[in-house]
Amino acid sequence: MKNKSVKSINSLLNINKRKVSRKKKPGDAPGTLVHTGERVLDNILVTVHDYDDHHFTSLPIKDVGKLGPFLKKETKTWIQVRGLHDIDKLKNIWNYFNLHPLVQEDIISTNQRPKVESYSDFVFIVLRMLSPNSANEKTVSINNEQISIVLGSSYVITFQESDSPIFDPIIKRLGVDNTRLRKLGPDYLTYALTDCIVDHYYSLLYTIDEIIEKTEEAVIANPQKYHLQQIHSLRSDLMAFRKSIKPLRDGLSSLIRDESTLISDEVKIFTRDVHDHLAQVIDTLENSREMVYSLYDMYMSNLSNRMNEVMKVLTIIATIFIPLTFIAGIYGMNFNPESSPWNMPELSCYWGYPAAIGLMAAITITMIVFFKRKKWL
Amino acid sequence: MKNKSVKSINSLLNINKRKVSRKKKPGDAPGTLVHTGERVLDNILVTVHDYDDHHFTSLPIKDVGKLGPFLKKETKTWIQVRGLHDIDKLKNIWNYFNLHPLVQEDIISTNQRPKVESYSDFVFIVLRMLSPNSANEKTVSINNEQISIVLGSSYVITFQESDSPIFDPIIKRLGVDNTRLRKLGPDYLTYALTDCIVDHYYSLLYTIDEIIEKTEEAVIANPQKYHLQQIHSLRSDLMAFRKSIKPLRDGLSSLIRDESTLISDEVKIFTRDVHDHLAQVIDTLENSREMVYSLYDMYMSNLSNRMNEVMKVLTIIATIFIPLTFIAGIYGMNFNPESSPWNMPELSCYWGYPAAIGLMAAITITMIVFFKRKKWL
Amino acid sequence: MKNKSVKSINSLLNINKRKVSRKKKPGDAPGTLVHTGERVLDNILVTVHDYDDHHFTSLPIKDVGKLGPFLKKETKTWIQVRGLHDIDKLKNIWNYFNLHPLVQEDIISTNQRPKVESYSDFVFIVLRMLSPNSANEKTVSINNEQISIVLGSSYVITFQESDSPIFDPIIKRLGVDNTRLRKLGPDYLTYALTDCIVDHYYSLLYTIDEIIEKTEEAVIANPQKYHLQQIHSLRSDLMAFRKSIKPLRDGLSSLIRDESTLISDEVKIFTRDVHDHLAQVIDTLENSREMVYSLYDMYMSNLSNRMNEVMKVLTIIATIFIPLTFIAGIYGMNFNPESSPWNMPELSCYWGYPAAIGLMAAITITMIVFFKRKKWL
Amino acid sequence: MKNKSVKSINSLLNINKRKVSRKKKPGDAPGTLVHTGERVLDNILVTVHDYDDHHFTSLPIKDVGKLGPFLKKETKTWIQVRGLHDIDKLKNIWNYFNLHPLVQEDIISTNQRPKVESYSDFVFIVLRMLSPNSANEKTVSINNEQISIVLGSSYVITFQESDSPIFDPIIKRLGVDNTRLRKLGPDYLTYALTDCIVDHYYSLLYTIDEIIEKTEEAVIANPQKYHLQQIHSLRSDLMAFRKSIKPLRDGLSSLIRDESTLISDEVKIFTRDVHDHLAQVIDTLENSREMVYSLYDMYMSNLSNRMNEVMKVLTIIATIFIPLTFIAGIYGMNFNPESSPWNMPELSCYWGYPAAIGLMAAITITMIVFFKRKKWL
Amino acid sequence: MKNKSVKSINSLLNINKRKVSRKKKPGDAPGTLVHTGERVLDNILVTVHDYDDHHFTSLPIKDVGKLGPFLKKETKTWIQVRGLHDIDKLKNIWNYFNLHPLVQEDIISTNQRPKVESYSDFVFIVLRMLSPNSANEKTVSINNEQISIVLGSSYVITFQESDSPIFDPIIKRLGVDNTRLRKLGPDYLTYALTDCIVDHYYSLLYTIDEIIEKTEEAVIANPQKYHLQQIHSLRSDLMAFRKSIKPLRDGLSSLIRDESTLISDEVKIFTRDVHDHLAQVIDTLENSREMVYSLYDMYMSNLSNRMNEVMKVLTIIATIFIPLTFIAGIYGMNFNPESSPWNMPELSCYWGYPAAIGLMAAITITMIVFFKRKKWL
């Protein structure tokens, strides 16, 4: 049974996989390309979404060479790459866009710290997608993947580990004519993608708060040993969550202050909004941490309360009966009444036994009154 | 009984509703307008307060088109909007003033982080109204609503969730001739509205301090399990309160440093004052948090003290009576005095029984002296 | 007796009166003048100290109009106002010097956060006077009042709540010819007044450290329940003390960096010195807080130590006597030796009783050796 | 057995050797050269790696004078010095490159704080190599040595304490034609060396996380006293690790902002990457610390849980048997039934004994039900 | 015995004397000269060390007037003043060099916060000398005195409280020809003096770490009540140590950034080195604090462990013997077998007594097995 509870906790959230190892060996050249992700799509899927005010085309392509026509200046192009296992194919894309080797390395090292980096002709953004997969089940699994976004002057390239449909709402919105998304440049698309990811953080926060609330109730009602492990696990998850988003906030705020021409002033206002949402998520995370600390304190206090209760029961029983047993012991002594009138004359008294019982009753009542006064009863 | 106490705590303050979810679905366009508030007025009330040095008119309007005459440059206009459920009607107002879609979204997402944002032709302020509704009752309910203020060059628009009369004192002051409020521009009105909200924070602080003080007394006198939940709840409330006002302080200080022409130097001095009040509120909140932590420490120590007391009673009783019972046990043994002169000759001694009782008395007295020395008695 | 100790603690320091409420109602105009102090002098005392290199005059005045001659440019004037209850009279002074309404409000709201504010033609400083009244008594009362200083180009105005003689040393020094105080301008007088107040903080620090030291000794010797309340109270006082001086440090450092012409470079060096003293006070306060936390830890550990001691006594007694009592119980059984040779033949042995006693002695010795080994004895 | 566990912990990681003493005596001149390292190579090994786009030579040299030809401007030169005990020989090198006396002192004081210092004609970097030697054994030994790097315009000099092969991968890469390492200048080599060291931090993080995880499991399953020492040791190690890398991050970020011509813009992008990795390592360290704190909390709670369990067993046994023993004691009293009809008539009842046994059974059952209700059984 | 341990702790380090009182009364003029030190030399010793590249003279002087010849521009002069009790004599020196009254006050107020202050024609440095006097004895006494350094364009004046030989190594080095110390200006001498003091901090750190390590071992082996006081004392000492050096680091870093012409660029490099050493000392202090916190945690856990052990012994003994005693009690009852065949027929059974003993043995074995399973034995 113990094992079970441990298991259910291990599968609780596990944002923090604690995989900080880099598969690249120390001393390897930067840009040594080793894919560190676990989930592998069978094929790398490359989809091109080409759009401007009037047109929107979305089609999968197999050969990077075919990207040429789409990258004509007049239209904006979003190249959505899903799956990171086939480094040769990825290299084709990277070389086509002349991405810096460090960017290449970061895209496939899927334990990157979130960051926003300005290069001379593009902005590189790494974020972490974190969303609860199914909130209705008992154990919550987290969709946890790294998203890399490369924002150029007329294109956006996104790299995802899996083919999860997180960007589908954006694609749907792209299909609608005459929207801001269609009218504005790739910088706005980048904003929309980032915003979409940040919105998912709210769901995760909500899930975490629900877990905290449930644990709270359970700890108040009946603290169990596995609650402690849940609290431990929550602390770990909250730390990992915070670690996954705090650098992004700093990156975004540097992006807002940046004079990069890649991001227009109009879009900067929107970016400021995402930044604010992130700040709110981080604030709320801090509250959740405080609540988890408080939860631990409650757990400990409840343990102490229980101990107190146990001790009180023992003390009441022992304190009442030990004196009574002593009296019974007295009159169980075998002093010989015949050898002396002082030897236990009570034993032959007419009221001896009732008197002894009465004494015991008196002691019991006194004790009970004493405990009532102490509010132990 | 347990349920009761839990209830009374849940209704304690609950600044922290822990509703961080956004109704907008991830991936939705910014400015997707979904009202996230709970309280819904039956009608959206729009009131126009038009004033200058000499005139003051205040009347409800139904049609946004009728705002035109009021917005003539010569007078200052305050459009007070109460109720946020009717997005179509709100849209009329927004479009009339050409508000940015993100501003629109923020106005009706009533779980915004407080903020102060400068746009090209207006300043947008989001604050949280927090005031205790009725301090005389046992359970305190909090009036908790989001206030949005749009400050333009000649107008102020405020958006409230409910029709609570929080701004009535301001309206009353507007009715008085020859005041600073009437003479100065809409920036001063904005200051007055903000100041009014910040003043309410003091009432809340006061209420919280009273609760802490009461809990303190109760914990010192007789710590109960539900106090722990109260402490837990206080920690949560203080965190939520702090989260609701700290970003505002930063926003105000950026407003003071700002070169925006919307706020005159004269009004900036007043804004600095509100900023100082907020800083004081936050300082006091920090003290309250420290006090709540201290409260928890007191609670835990009192538990330990109680345990000590319980253990002392048990130990005193057991330590006195166990040896006595042993002696009684000795003389309750049935060794046959006839088979040997060594077999319990005491039983037939003339002073046997009195000697045994005397021995017991001696032990008792020794023990009591021992406990007195240990200061257990 | 419990009440007593609580009382003695409540009267301990109480820097933190926890009166954060503002008497001004929310929504009232800024500068709405409501006096929030408690102590009220029967009369407002206004004293004018007029001085230059060669002259020094000090006389009480009743009519503000008579201030005129003193404010002639050639001499420096210190207007010392004591008592804040008579708003009409204060208004005369304020209007005479044309003080900003917010300054007026701050002067009589005696729970202000310390601050240093630069206005166009004067500098406004709010500080908190905190000094132990009488250190030799058992209960320390704190002289806690708000001091407001207005520094103009040729005058200084100070506002005190009471007529406590805190500035008497300064007045005495003003009476001495040929001192820096007489030669330099009103900025130096302002420095001298501030320095005087900061010097009092050292006395308070000293008093607090003495209380901590005494509590330390008491907690080590014999921890009592009321020590816990003392620790709680100390935490509260230290927080309040810190809150009362930290903003002042920041204010002073902005004053030093300021290009205001009201404060000469020569006096800025002195102001830097006050700033350093404040920094030292705050550093020492931090140490005191750490010590109070440590005190709590010691208290808790001592509680645990006591519990250990109690448990050891119980365990030693119980562990020795329970087996003995069992043996006595064995030979108190009434098995009939006549019905079987196996039924308790020991009872009729020649050495039966001595052997039983010997067995008991052996057990006792074994136990004692065991406890010695465990270092419980 | 206790000793053993202590030992196994002492050999746990010991990043923190706590040797902060400087062998230089207080008051000695800066640049007083005292080697503070422990490991001493028998010989100081000096290897020259000379390379440009087309050539790569690597050979040991004995005489510093022979360095001349290699330092010809056209090629880049890496002088790798291993062993720091022979100060005379080191002095030859230092003088050859005209290193500042403080740099000389820092190179051989092997407890330096990591730092990045710009001198007029070179950049001096001190880092700490930290890598687990063998993760498969039970006790992990840490390779802990100080690496100093001097980056000049056309050369790099590295100083290592031992001849550990940490830079072998770099040397191997140098042997490959047409790589970035060969094409770019000595600044890129410096980057490569730094990156190699930072990569090793990941291995250490991984090792630490594994230890934490194992301790976690052990603490949950069966908390032992030596776990406490392990937690203590982990806290110490994490602090020491953090201390060893945090200053480096600050140094690197100042290097990135630096206008030094020694580091080209191209290499600065790479340096930014190392900086980011360091930031990630520090973030993860913070998480690990939080986890170790949480571990301690779990340990303490488990202790309390155990205590609770022990107490419950005691309470159940005592609470059931004490009343039973009392009843047995009652009927062991020797009141004389012949002297009064009230003296224990039960003893001669026909159902006396069965009734007594029944009463005992009833009490037992009641108690068990009581404990079941309390969920103690 | 308790007193003893307390004593040995009070004499432990006591960096924190907690004497923050200023002897100057509040309101006294700045520069009111009151010596606040305790140790008083019988005479104030003034020694002049005059040196340049070629000459070095060191001689005591009695009359300040005789300083004139030494202060000729061509040579550098170090005036070493030891003893601060004779204010008249000090005043002679101060006036001779025209020191600011605040500097004068700071020199003799020997509880100054360390600081570095730039005046127009000199730099004023206050530091705290902290070094363990004798590490080999049991109780460590700390040499704790304030050092003030005045650095002018061609002279250095140092003020020490006692005649402790801390600067003797510097004087010795001054005697050596052709050193940097002799060649460079008084700024380098100031660096050398500062460096000498900072070097002593390392010794203190080392001493503290040794105390922590010893306490650690003692707490692990056998936690005693006085360890708690040691931990308390260590916390206090570490706080005081930190307070004594942290402001110095900030002062030095402002000195490095300063454009003061008094310190040459060459010496600034050396100052940067001292700054780094201070940073390392502070880092290590932080580690030590963490270790002391951890120590407290270990102490508390060990207390809990002990309690657990005590409780286990009690529980084992009680749980085994209470049932046995009960059985013995049963067969000690006096039910009359003659009045009923149900009344204790066991007593007359042939195997009655052996069966009872057997039952007891069975219970004992069961219990032991139970405890083995629980791992309590």
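This is a short tour of a predicted model, stop by stop, with something to select at each one.

**Stop 1: confidence colouring**

Start by colouring chain A by pLDDT. The chain averages 83, and 89% of the residues score at least 70. Look for the two extremes among its elements: helix α1 (residues 2-10) has the lowest mean pLDDT, at 36, while strand β7 (residues 155-160) has the highest, at 93. Now select residues 1-11 of chain A, where the pLDDT is below 50. Beyond near neighbours in sequence, that stretch has nine contacts in the model. For the complex, the predictor gives an ipTM of 0.80 and a pTM of 0.85.

**Stop 2: chain A on its own**

Hide the other chains and switch to cartoon. You should find nine helices and seven strands in chain A. Colour by domain next: domain 1 takes residues 19-301 and domain 2 takes 304-373. How far apart are the C-alpha centres of domain 1 and domain 2 of chain A? They lie 75 Å apart.

Chain A has 377 residues, and buried ones make up 50% of them. If you draw a contact map, take the contacts between residues at least 6 apart in sequence: 71% of those join residues at least 24 apart.

**Stop 3: the axis**

Bring chain B back and superpose chain A on it. A rotation of 72° does the job, with 0.0 Å of shift along the axis and an RMSD of 0.1 Å. That is how a five-fold axis relates its copies. To find the axis from chain A, select A:Gly332: its C-alpha is the nearest in the chain, 4.7 Å from the axis. The copies use different surfaces, and 14% of the contact residues of chain A recur in chain B.

**Stop 4: where chains A and B touch**

Stay with these two chains and select the residues in contact. Chain A puts in 56 residues and chain B puts in 53. On the chain A side, four helices each supply at least two residues: α4 (168-174), α5 (180-183), α6 (186-221) and α8 (265-330). Which of the elements gives the most to the side of chain A that touches chain B? Helix α8(A) does, with 31 residues. Colour that side of chain A by residue type and you get 25 nonpolar, 20 polar and eleven charged residues.

**Stop 5: helix α8 in chains D and E**

Jump to chain E and select residues 265-330, which form helix α8. This helix has 66 residues and runs 97 Å from its first C-alpha to its last, close to the 98 Å expected at 1.5 Å a residue. Is α8(E) enclosed or open? With 49 of its 66 residues buried, it is largely enclosed by the rest of the structure.

While you are on this helix, pick E:Val310, which sits in α8 of chain E. E:Val310 has 23 other C-beta atoms within 10 Å, so it is buried. Show chain C as well, and you will see what E:Val310 touches: C:Asn308, C:Met311, C:Lys312 and C:Thr315, leaving aside residues up to four places away in sequence.

Over in chain D, α8(D) also has 66 residues and reaches 97 Å from its first C-alpha to its last. This helix is mostly covered, with 49 of its 66 residues buried. Select D:Ile320, which lies in α8 of chain D. D:Ile320 is buried, having 23 other C-beta atoms within 10 Å. Apart from residues up to four places away in sequence, D:Ile320 touches D:Thr364 and D:Met367. Try a distance label from D:Ile320 to D:Ile368 too: these two are 48 residues apart along the chain, yet their C-alpha atoms are separated by 8.1 Å.

**Stop 6: two unusual phi angles**

Most residues other than glycine have a negative phi. Here are two that go the other way.

Select B:Met344, where phi is near 50°, a positive value in a residue other than glycine. You will find B:Met344 in the loop between α8 (265-330) and α9 (352-373) of chain B. B:Met344 counts as buried, with 26 C-beta neighbours inside 10 Å.

Then go to D:Asn178, which has a positive phi of about 65° although it is not a glycine. D:Asn178 is in the loop between α4 (168-174) and α5 (180-183) of chain D. Buried or exposed? D:Asn178 is exposed, with 9 other C-beta atoms within 10 Å.

Conventions:
Residues are numbered from 1 along each chain as its sequence is written. Chains are lettered from A and ligands numbered from 1 in the order in which they are written. This is a predicted model: local features need pLDDT of at least 70, side-chain atom pairs count only at pLDDT 80 or more; totals for chains, interfaces and linings use all residues. Domain bounds come from an automatic or database domain assignment. Two residues are in contact if their C-beta atoms, placed from the backbone, lie within 7 Å. Ala, Val, Leu, Ile, Met, Phe, Trp, Tyr, Cys and Pro count as nonpolar, Asp, Glu, Lys and Arg as charged, and the others, Gly among them, as polar. The expected span of a helix is 1.5 Å times one less than its number of residues. A residue is buried if 20 or more other C-beta atoms lie within 10 Å of its own, exposed if 12 or fewer, and partly exposed in between; C-beta atoms are placed from the backbone. Copies are superposed by least squares on the C-alpha atoms of residues with pLDDT of at least 70 in both. pLDDT is the predictor's confidence in each residue, from 0 to 100.
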